[in-house]
Structures are given as structure tokens and as C-alpha cells.
Amino acid sequence: MASVPGVIAKPSLPEGLTGTRTPNGIDPLQHARMAAMMGCEPGLLAWDRRTDAIATALVVAPDVPLQEAVTCAFALAVGFADALTEIGPAELTVHHAWPASLRVNGKACGRLRATASAKNADEVPDWLVVAIDVPVEPGGMGAADHTCLHAEGCSGIATMQLVDTWAAHTQHWLRSWQENGAGPLLHAWTARAWQMGEPLPDGSGTFLGLDAQGGMQVDSEGSISVRPLTDMLGTG
């Protein structure tokens, strides 16, 4: 595998996060999930030292019901958008496509995945694991119709540099979520929402915005329904 200039041995994580490198070939989400099931401390970040993709997973221990807890997943997405905006090309645009996709310059580029110990929306989970996967080079976990960071002008950014910056922004948003509730985080996500106010591709209605639990509000011929954010769980 080709190396990228400036890649460091491991990420420099902010206070409150601890890192563990996943064994070769092991999905960070599955590695973090196993650690969570064995009782690891929250804030564990499992990372895969790849150069063609960013693949990390974070263990969180929320003390609220699952339907509220899952909103913290947006901290990883908003943290990534903030990081890429900070160190990427000035003309770069980053959007969030509900519930768990990322778009760079209007093209699909990465995703969130999540799994939790709880299954019921009103149950408080012992742990929640959220992963973020972003292709850096062509073929780095991206489908044929997806783009990658290098194709969008980010070839000068070392993989671990972006992981470092992302981790710092993600920790900021996790603390905001813990101290201020989901409101500010959902507002930040909405500010970069993809095609909000437009008809959904499946023709089922118009994407109006988010509810207080991060669910998608859909207007279908004047009838408002909500698709819960918990739909993204089990995507690992």
C-alpha cells in the first residue's frame, strides 16, 4: 500500500479520548463493539492505520434513552465536516445526508455506522458505538458512484492529520451534547443538511428538517411523519 507523506504512527487524541489500533483486517466498529461489551471505558477510539481510507469507531456511554442517545452520532459527522473545512481547500463543501451519509462537493463520500447494546428506543444503552468511514483514495471503501477526498482536492492532507483534527472537533461536539443537550449539535448538522426542503429521491415527500431526536420530518401532501434516527442502528 502506498504511503502518504506526513502520515504519523498514531493519532494525537484530545483529552477524554483514548486510542487503540485495530488488528489488520478487523473493522474498527466491530473492534470497538467488542471492547464495549467487555466493559471498556467510554471515549475509546478504535482506528485503522490505512492510507486509502479513514476508518475509526468511538465508544460512548450515554445515560439517556436510545432515541436520545443516538443523536450523539451526529457529533462525528459534524466534527468531520468542521475538520475538513478547517484544513481542506477553501472551495470545498461538505454536507450531511440523513441519516448517516457524507457528501463532499455534492458527491457521496463516506458514511456513519452505529450499533448499541439497547434495542428499544426508550431503553438506556450501556454503550453506543459510532463509526465513520471516509474514502481517501479511489477504491478506499467507496462504491463506483462515490468520490474520495483526493479526487476533491484534498491530496495534500495526510490521513492522520485529518483524524487528529476530526477527533478534536468531535470531542468538542460530544461535550456540547453532554452539557447542552442535542439542540446545538442538531442545529450544526442542519446547517449543512443535504437537500433539506427538497423532495426526497424516493418520491415519498419533502425533507422538512429534524425533530428533537434527530429524526427526519417528512411532508407528504400535507401529512407530516417522522423517520426516527434509530433507523441507522445496526448498520455495522
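Reader: What makes β5 and β6 a hairpin, and what is the phi of N105 in the turn?

Author: In this predicted model, β5 and β6 have 2 residues between them, and 3 bridges join the two strands, which run antiparallel. Two strands pair once there are at least two bridges between them, so 3 bridges are enough to call β5 and β6 paired. One of the bridge partnerships is V104 with K107 in β6. In the turn, N105 has a positive phi of about 55 degrees.

Reader: And on the other side of β6, how do you know that β6 pairs with β7, and how many bridges are there?

Author: There are 6 bridges joining β6 to β7, again antiparallel. With at least two bridges needed, β6 and β7 therefore count as paired. If you want a spot to look at, L112 stands opposite I132 in β7.

Reader: Why is β4 called an edge strand?

Author: The sheet is open, and its 7 strands come in the order β1-β2-β3-β7-β6-β5-β4, with mixed pairing. β1 (18-21) and β4 (94-97) are the edge strands, as each pairs on one side only. For β4, the partner is β5 (residues 101-104), joined by 4 bridges and running antiparallel. A97 stands opposite S101 there. From one strand to the next, the twist averages 20 degrees.

Reader: What lies across this sheet, and at what angle to β3?

Author: Helix α1 (residues 28-37) lies across β1, β2, β3, β6 and β7, and runs at about 20 degrees to β3. Angles under 35 degrees count as roughly parallel, so α1 is roughly parallel to β3.

Reader: How do you know that R113 and D133 form a salt bridge?

Author: Their closest N and O atoms are 2.7 Å apart. The limit is within 4 Å, so R113 and D133 qualify. R113 sits in β6 (residues 107-116) and D133 in β7 (residues 128-135), so the salt bridge ties together parts that are 20 residues apart in sequence.

Reader: Are R113 and D133 buried or exposed?

Author: Buried means under 20% relative accessible area. R113 has 6%, so R113 is buried, and D133 has 5%, so D133 is buried too. As for β6 itself, 8 of its 10 residues are buried.

Reader: What makes R227 and D202 a salt bridge, and how far apart are their closest N and O atoms?

Author: They are 3.9 Å apart, and the cut-off is within 4 Å, so the pair of R227 and D202 counts. R227 is in β10 (residues 223-227) and D202 in the loop between α5 and β8, so this pair ties together parts that are 25 residues apart in sequence. R227 is partly exposed at 26%, whereas D202, at 54%, is exposed. Elsewhere, D27, R111, R113 and D133 are joined into one network by salt bridges that share partners. The structure holds 7 salt bridges.

Reader: Why is α4 called oblique to α5?

Author: Helix α4 (residues 159-180) packs against α5 at about 135 degrees, with their axes 7 Å apart. Roughly perpendicular covers 65 to 115 degrees, and roughly antiparallel starts over 145. An angle of about 135 degrees fits neither, so α4 is oblique to α5.

Reader: Which residues of α4 and α5 meet?

Author: From α4 you have W173, S176, W177 and N180, and from α5 P184, L185 and A188. The contact divides into 5 nonpolar residues, 2 polar and no charged.

Technical notes:
Residues numbered from 1 in each chain as written. Predicted model: local features only at pLDDT ≥ 70, side-chain atom pairs only at ≥ 80, totals over all residues. Heavy atoms only, no water. Salt bridge = Lys/Arg side-chain N within 4 Å of Asp/Glu carboxyl O. Buried < 20%, exposed > 50% of the residue type's maximum accessible area, 1.4 Å probe, protein only. Axes fitted to C-alpha atoms, helices over the stretch in contact; angles between N-to-C directions. Contact = heavy atoms within 4.5 Å. Nonpolar A, V, L, I, M, F, W, Y, C, P; charged D, E, K, R; others polar.
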